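Trainee: I'd like to learn how the words we use for a structure follow from its values. Could we go through one together?
Mentor: Happily! Ask me about any term, and we'll set it against its definition.

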Amino acid sequence: MTEVIARGLEGVNVTATKLCRIDGQKGELIYAGYNIFDLAEHSTFEETAFLLWNLRLPTRDELEQLKADLRRERPLSDLNARVQREIVGKIRPMRALEISVIIAGALDPKSSDLSQEQLKKTAALLTARMPTVLAQYHRLRQGLDPVPPRDDLGHAANFLWMLKGEEPNELEARVFDVAMILHAEHEMNASTFSALVTASTLSDMYSAIASAIGTLKGPLHGGANEAVYRTLEAIGTEENIPRYVDDLLARGERVMGIGHRVYKTTDPRAIILEQLGHKLAATSPDRKYFDLSLKLRDYLAKKLEGKPLYPNVDFFSASVYKMLGIPSDLYTPIFAMSRIAGWTAHLLEQYADNRLVRPNALYEGADPRPYVPLEQR
Ligand code: ACO
């Protein structure tokens with residue numbers, strides 16, 4: 001047995017994948033051969049999901065078929081809709097999402113069918129359902145009726161419609177669509193690994209996705225986008241940036257949305273989100289946090305000079321979502337509803353070539369010792 005501990009599994013390849021390649025030095029992100037900048041410019045979330053599930057771009061007919069499949073799966077089950085009404089306001093939306101995945105699994109008589117064909121149907125079902133869960137949850141907690149999905153709207157636009165009951169303009173719909181593409185996949189991160197560990201026991205896709213959602217929730221991973229929002233709230237105005245950052249770093253704390261295990265330069269997703277932010281800000285009445293993010297980024301660049309700490313995907317997603325009128329506690333669930341494409345794609349790979357994940361731990365505990373009965377302790 002090896003004596004080396006790979007803390008945080010840093011630098012360890014746990015599997016092979018055809019889905020995603022990251023060059024953290026160059027700041028390059030590739031989905032199945034396609035550069036993220038090209039996908040952000042030309043693709044849609046639906047097309048990117050097809051790409052991840054099939055390792056190639058769809059034909060027009062295949063894309064239309066997938067869109068139709070997603071539209072069909074948008075409405076919630078009666079059970080999920082009833083549970084939503086029970087839990088709304090009592091639990092946070094990320095937990096509501098987790099519960100909805102478990103309910104969908106419980107209601108699926110084919111949940112234990114691990115054939116690739118059935119798994120792709122489950123992937124589409126979960127992808128279609130998550131936006132409805134979050135939008136309905138948000139409507140209900142405001143005391144409003146849920147807004148039913150609209151068949152004439154694409155995946156991203158339909159979410160904004162269901163959330164706000166207003167049709168997004170073309171720019172808003174496109175920005176949100178691209179933000180979903182940017183969050184759709186990211187190689188072997190903590191939540192994807194969590195999903196694979198669950199799947200490696202041949203547990204079903206729903207349980208694997210519930211594991212991933214629970215893992216994404218933490219502030220060192222997907223929870224960072226909401227934490228960025230709280231940072232911007234705490235800073236408030238540009239004049240407060242130096243004091244806030246200096247105090248935080250002096251306390252040995254971390255600036256949320258900065259740093260990455262893999263990227264040692266600016267995360268390409270942050271570059272694209274900043275570009276999108278500028279487009280939105282040109283007409284947004286709510287650009288204050290975006291402007292503050294730009295100033296914060298500039299201050300941090302000076303303050304952290306020489307350290308490999310740059311904006312990650314969460315840094316600008318907070319202010320972009322804010323300009324789209326999305327409440328901050330939905331930022332991390334929206335990350336999940338985008339990453340569902342990548343999680344399920346990795347699960348397709350895992351189930352197709354499974355090996356139980358069962359690492360070791362180096363024992364550092366007590367030497368063997370006699371058991372002492374309770375009355376003698
Ligand atoms: N602010 C200030 N200092 C930081 C930050 C930060 N955000 N991130 C890392 N550092 C410092 C550490 O304190 C450490 O300094 P030291 O060597 O003097 O002790 C050094 O950089 C290396 O940090 P590690 O913890 O070894 O780096 P790791 O690879 O484990 O961390 C992580 C990556 C968790 C993302 C980290 O950068 C972080 O906590 N960032 C803030 C949270 C965040 O934005 N998470 C989202 C990541 S993207 C995503 O998951 C979608």
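Trainee: What makes the pair formed by the side chain of arginine 254 and an oxygen atom of the ligand a polar contact?
Mentor: Keep in mind that this is a predicted model. An N or O atom in the side chain of arginine 254 is 2.6 Å from an oxygen atom of the ligand. A polar contact needs a pair of N or O atoms within 3.5 Å, so this pair counts as one.

Trainee: Which distances put histidine 221 and asparagine 312 in polar contact with the ligand?
Mentor: For histidine 221, an N or O atom of the side chain is 2.9 Å from a ligand oxygen. For asparagine 312, a polar side-chain atom lies 2.9 Å from an oxygen atom of the ligand. The cut-off is 3.5 Å, so each pair is a polar contact. As for cover, the protein hides 67% of the 920 Å² of accessible area that the ligand has on its own.

Trainee: What is the ligand's space called, and which residues come nearest?
Mentor: The ligand takes up the largest pocket. There are 18 residues around the ligand, and Arg254, Val255, Gly257, Ile258 and Arg261 come nearest. By class, this shell holds 10 nonpolar, five polar and three charged residues.

Trainee: Let's turn to the sheet. How do you know that S2 and S3 pair?
Mentor: Two strands pair if there are at least two bridges between them. S2 (residues 28-31) and S3 have two bridges, so they pair, in the antiparallel sense. Isoleucine 30 stands opposite asparagine 35 in S3, and tyrosine 31 has tyrosine 34 as its bridge partner there.

Trainee: And what makes S1 and S2 a pair?
Mentor: S1 and S2 are joined over four bridges, so they meet that rule too, again antiparallel. Arginine 21 has isoleucine 30 in S2 as its bridge partner. Four residues lie between these strands in their hairpin, where glycine 27 takes a positive phi near 75°.

Trainee: Why are S1 and S3 called edge strands?
Mentor: The open sheet runs in the order S1-S2-S3. S1 (20-23) and S3 (34-35) each have a single partner strand, so one side of each has no neighbour in the sheet.

Key: Residues numbered from 1 in each chain as written. Predicted model: local features only at pLDDT ≥ 70, side-chain atom pairs only at ≥ 80, totals over all residues. Heavy atoms only, no water. Near = heavy atom within 4 Å. Polar contact = N/O pair within 3.5 Å; in protein donor to acceptor, adjacent residues only side chain to side chain. Areas by Shrake-Rupley, 256 points an atom, 1.4 Å probe, with all protein chains shown as cover. 1 Å grid on protein atoms, 1.4 Å probe; cavity = no way out; pocket = protein on both sides within 12 Å on 5 of 7 lines; lining within 4 Å. Sits in = over half its atoms within 2 Å of the grid points. Nonpolar A, V, L, I, M, F, W, Y, C, P; charged D, E, K, R; others polar.
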